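Open the model in your viewer and keep the selection panel at hand. The tour goes from the whole chain to pairs of helices, then to a single residue.

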Amino acid sequence: MSDLMLTIHHESGGAVEDKKEKSEGNSLNHDGRLRTEGSKTTYTNSFGNEISWTNQGPKDIDAIIEKNLRSSKPGDILEGRVAETIRETGRLEGTGIELKLRNKLKAGDIDILTASHIIEVKKSLSALDEKQLDKLINLSNKNYFNYDNREVIYYIEDVTVKNKTQSDLVEKLKDQNIKLISSLEELKEVVSK
């Protein structure tokens with residue numbers, strides 16, 4: 001389970017702009033679609049779905065990485081290793097971000113967050129979730145949450161294509177200009193640019 005939670009609410013809405021202004025300890029973009037109050041940030045997508053999350057500081061991020069590295073689950077360990085690698089670049093802004101709908105059902109997650117990238121971490125191609133991908137890249141998805149259109153990268157440890165479905169999925173990623181990376185050194189290089 002993640003230490004960062006997003007909540008999605010529904011109301012009417014329009015286009016999103018991510019330019020911010022500071023005001024009495026809070027920040028707000030010019031059209032009010034992205035606002036920060038204390039440690040909570042709220043974003044309203046073009047469908048009017050409101051997404052809120054608690055921001056992570058360096059101590060929070062370090063604790064999540066350490067928890068993942070000590071986990072008995074291979075996927076958690078891999079996510080911890082990737083977050084640790086990105087932390088070395090000085091660009092890590094969050095890890096293990098859980099997205100929740102207003103009714104507390106899980107809406108998705110963000111494995112690794114930098115100022116310019118969302119990195120999803122998977123052990124193999126079979127673990128890829130097309131519904132999650134759609135929420136990251138498709139502005140027409142009612143639960144779209146990539147508020148400033150960060151570049152999406154899939155770090156997949158084993159990129160062996162085992163069937164036509166996986167082959168089609170790899171082609172879809174390429175068609176969407178999504179990077180598919182399986183080397184920590186390459187990932188570090190891409191994120192450092």
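What percentage of the 193 residues in the protein chain is buried? The share is 45%. Bear in mind that this is a predicted model.

**Stop 1: the whole chain**

Select the protein chain and color by secondary structure. You should find five helices and eleven strands. Now switch on the surface. The accessible surface comes to about 10,300 Å². Carbon and sulfur atoms hold 47% of that area. For a contact map, take pairs in the chain with a separation of 6 or more: 58% of those contacts join residues 24 or more positions apart.

**Stop 2: H1 against H2**

Select helix H1, residues 58-69. Add H2, residues 74-89. The axes of H1 and H2 come within 7 Å and cross at roughly 140°. H1 therefore counts as oblique to H2, since roughly antiparallel would need an angle over 145 degrees. The crossing of H1 past H2 is left-handed.

Show side chains next. On the H1 side, pick Asp62, Ile65, Glu66, Asn68 and Leu69. They meet Asp76, Ile77, Glu79, Gly80, Arg81, Ala83, Glu84 and Arg87 of H2. Color this contact by class: seven residues are charged, four nonpolar and two polar.

**Stop 3: H2 against H5**

Keep H2 and swap H1 for H5, residues 184-192. Here the axes come within 10 Å, crossing at roughly 40°. H2 is therefore oblique to H5, as roughly parallel is reserved for angles under 35 degrees. H2 passes H5 in a right-handed crossing.

Which residues of H2 meet H5? Select Arg81, Val82, Thr85, Ile86, Glu88 and Thr89. Their partners in H5 are Leu184, Leu187, Lys188, Val191 and Ser192. By class, the contact of H2 with H5 has five nonpolar residues, three polar and three charged. Arg81 is worth a label: it appears in the contact with H1 and in the contact with H5.

**Stop 4: Asn146**

Hide the helix pairs and center on Asn146. It sits in the loop between helix H3 (130-137) and strand S10 (151-158). Is Asn146 buried or exposed? Its relative accessible area is 2%, so Asn146 is buried.

Leaving aside residues up to four places away in sequence, Asn146 touches Ile118, Lys135, Leu136 and Val152. Finish with a distance label from Asn146 to Ile118. Their C-alpha atoms are separated by 8.3 Å, while along the chain the two are 28 residues apart.

Definitions and conventions: Residues numbered from 1 in each chain as written. Predicted model: local features only at pLDDT ≥ 70, side-chain atom pairs only at ≥ 80, totals over all residues. Heavy atoms only, no water. Axes fitted to C-alpha atoms, helices over the stretch in contact; angles between N-to-C directions. Helix = DSSP H or I, 4+ residues; strand = E, 2+ residues; numbered from the N terminus. Parallel < 35°, antiparallel > 145°, perpendicular 65-115°, else oblique. Left-handed = near helix turned anticlockwise from the far one by under 90°. Contact = heavy atoms within 4.5 Å. Nonpolar A, V, L, I, M, F, W, Y, C, P; charged D, E, K, R; others polar. Buried < 20%, exposed > 50% of the residue type's maximum accessible area, 1.4 Å probe, protein only. Areas by Shrake-Rupley, 256 points an atom, 1.4 Å probe, with all protein chains shown as cover.
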